[in-house]
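Trainee: I have a structure open and would like to talk it through with you. Could we take it piece by piece?

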Amino acid sequence: MNERTVAVWQGKVRMRVLSEGSGPALVFFHGPWGLTWDPFLDDLARSFTVYAPEHPGTTPDAPEDVAHLDGVWDLVLCYDELLEALGVGRAAFVGHSFGGMVACELAAAYPARAERLALIDPIGFWRDSDRIVNWMLMDPSQLRRQLFRDPDGDAARTLFGAPGDAEATVAARVRLTWAMGTTGKFIWPLPDKGLKKRIHRVKAPTLVLWGKDDRLVPPVYADEFTRRLPDTRVQMVDGAGHAPHLEQPEVVARMVRDFLGG
Amino acid sequence: MKISAFHLMPHRELPDDFDKRYESVWVTPPWWELADARRVGQYYNWTLDELLYAARAGFDGVCTNEHHQNAYGFMPSPNLMGSVLAKLTNGTNVAIVQMGATLPTSNPPIRVAEEYAMLDCISGGRLVAGLPLGSPMDVNLCYGITPMEHRERYREAFALTLRAWQAREIFPWNGRYYQLANVNLWPRPIQQPHPPVWVPGSGSVSTFDFAVENDVCYCFLSYSGARSATTMMQGYWDVVANKGRDPNPYRAGFLQLVAVAESDARAEEKYARHVEYFYHKCLHVPGVWFSPPGNQDYRSLVATSKNPVRRAENPKDLRYRDFVEKGYVIAGSPATVRDRLREEVIKGLRVGNLMLLVHIGSMPHELTLENIDLLGREVLPPLRDAWDDEGWVNHWWPERLRSPRPAMAAVAAGGA
């Protein structure tokens, strides 16, 4: 795997980008719990050149860089600078949760950059009748139960650290908390920051995937995307909560690949 | 030594099973199930009466504070309360200690500068200006401020407030969070260059630094007493020394729960259930709400994750005698309370500006007056000269009130 840190925003925001594979460019935007190179990305890297950037502030040794950004507009411009620096012009965008919102915002700001969009349990909208649960206000055990369909499965263990390994658990806790804080900066207190005003600019065909048992962001939010985007397909993922690419990596990778034509 | 009476204005009649039935005392307690506006009106009036009674009973100051959406202490606007207190204590030497209006939840924050200036004018220069950061429950959960911006907003608002009080010229403020083209405060405070500033904190090192750099009084608002605060306050005094400031005890404030009766045994009879109500119900908040992700900077997050400052015990497992024994509450006869306050709090932590929580949890009005009365008559007078031998000046107290209070005026019968 290749690893490269790019400094954007007048050099003030350092973003590490993990990349692997060959083929057409695919950019993966991670969710509120930070980036881990996982089997899902391995799978995609067999068909694509996968670029997985770290959200500002989640890159090791650069935690405070996120302080230079004030809102979604700044964040979108950062990503534009990043793709420019990577030499990625047009690409497939895949985004999970918060990353799905970022992918959509980027595709709305720069429609020519997004070839196709695959959104996995994305956020970006708000319905009073179907409230999104605030994962930033949960203790780790509660979060684990809400985030995963199987809170004791491999995916949960990878994210939260294996029981018994105190050091790994502390490290995981710091990583998760900080990742939620740095992404939370752009969505607190409700994850509706104006995507509804901008999403009409997205032209790319879109696949919306949702974990059937998502207990954080109800699958009905798929409707918010389908009714606003010109060309959308929705697929539900069995046996998964809010992170289907972690709980069902093969299934989700196949769905994404089929859609992207890899 | 300056000793002020502090009041939270809590719900006094929560149901017995409150902490079993409800998620939290803060943010989400359902008003319609738990409260009645007429009854709450009575609480506000009792609270004002109790603080006014304290003002007449010999306390040096009366303290109010801001919290939102909760049954633990619901003065969403402390300045409304402070305004009543300022007017009704005119002609006395009692300070109006606003602990205070929260800058990050006031938009624009010069609203706080204006209201404090009004209070200083109304009170004839008796205001102490508490400028708190605000709790995450209030600021992040109730008022929607992004946790990662909370401290930055506070610091910007703090600088703006201090400048707005003092500037001789109209100035523009082109901040990151606040932009104002013409800052020209009306009114300005009587106290020059500005009212004394107190910054409450809960032990975070960055607040120690901030308080010392800005030369304000750092107030540790603790509910777990002096013993558990010793290390923390020593940390504060280390920062004071390292930054070259003098060890003036008036640089430090501390909040202590107190309950006085004729004897230690009578104190237990009178106060036990109110103390337990306070710790079991009024502090019933999910632990994670105290630090939502982003509220702590990265360095503090790493430090506290590696060495969690966990209390050895959960207050919900403790009973009255534990709270008293551990010093969470200083309770008993006037002699017991006086001695423990002097040794553990005043001398133990080196505190010149002491705040006493005179109303605890479910305490009824009459018992609160009794507590205040005994404190005023038998506890405060012997403590008043605690620092006189060292000759420090309390720069963090309104100048015209700095000299020791004259002999206490007799409290009229039924004084409130």
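Trainee: How many bridges join β3(B) to strand β4 of chain B?

Mentor: Happy to start there, keeping in mind that this is a predicted model. Strand β4 spans residues 127-130 of chain B and runs parallel to β3(B). One bridge pairs Val97(B) with Val128(B). The number of bridges joining the two strands is three.

Trainee: Which helix does the chain pass through from β3(B) to β4(B)?

Mentor: The crossover between these strands is a β-α-β one, and it is right-handed. The helix on that path covers residues 110-123 of chain B. Its name is α5(B).

Trainee: Which strand of chain B pairs with β3(B) over four bridges?

Mentor: This pairing is in the parallel sense, and Ala95(B) in β3(B) is the bridge partner of Gly61(B). The partner strand also joins helix α4 (residues 78-88) and β3(B) in a right-handed β-α-β unit. The strand you want covers residues 61-64 of chain B, and it is β2(B).

Trainee: Which residues of β3(B) are buried on the side opposite Ala95(B) and Val97(B)?

Mentor: In a regular strand the side chains alternate between the two faces of the sheet, so it helps to read every second residue together. Strand β3(B) runs over residues 95-98, and both of its faces are covered. With Ala95(B) and Val97(B) buried on one side, the buried residues on the other are Ile96(B) and Gln98(B).

Trainee: Which residues of β3(B) does Val62(B) contact?

Mentor: Val62(B) is among the residues that touch the most other members of the largest nonpolar core, which has 117 residues. Leaving aside neighbours within four places in sequence, its contacts include Ala5(B), Leu51(B), Ala54(B) and Leu85(B). The strand β3 covers residues 95-98, and from that stretch the contacts of Val62(B) include Ile96(B) and Val97(B).

Trainee: Is His68(B) buried or exposed?

Mentor: His68(B) sits in the loop between β2 and α4 of chain B. It touches Pro76(B), Asp138(B), Cys142(B) and Tyr143(B), not counting residues up to four places away in sequence. A residue needs 20 or more other C-beta atoms within 10 Å to qualify as buried. His68(B) has 21 of them, so the answer is buried.

Trainee: And Ala162(A), buried or exposed?

Mentor: That residue is in the loop between α5 and α6 of chain A. Not counting residues up to four places away in sequence, Ala162(A) touches Arg157(A) and Ala168(A). The cut-off for this class is 12 or fewer other C-beta atoms within 10 Å. Ala162(A) has 10, so the answer is exposed.

Trainee: On which residue is the kink in α13 of chain B centred?

Mentor: Helix α13 covers residues 334-349 of chain B, and the kink is about 35 degrees. Its buried residues include Arg338(B), Arg340(B), Leu341(B) and Val345(B), and α9, β9 and α14 of chain B are among the elements covering them. Just after the helix, Arg350(B) takes a positive phi of about 65 degrees. The centre of the kink is Arg342(B).

Trainee: Which element gives the most residues to the side of chain B that touches chain A?

Mentor: In this contact, 15 residues of chain B meet 18 residues of chain A. The elements giving two or more residues on the chain B side are α7 (147-166) and α11 (298-306). By class, that side has nine nonpolar, five polar and one charged residues. The biggest giver, with five residues, is α11(B).

How values were computed: Residues numbered from 1 in each chain as written. Chains lettered and ligands numbered in written order. Predicted model: local features only at pLDDT ≥ 70, side-chain atom pairs only at ≥ 80, totals over all residues. Core = buried A, V, L, I, M, F, W, Y, C linked by C-beta atoms within 7 Å. Contact = placed C-beta atoms within 7 Å. Pairing = 2+ DSSP bridges. Right-handed = clockwise from strand over helix to strand, strands pointing away. Nonpolar A, V, L, I, M, F, W, Y, C, P; charged D, E, K, R; others polar. Bend = angle between axes of the 7 residues up to and from the residue.
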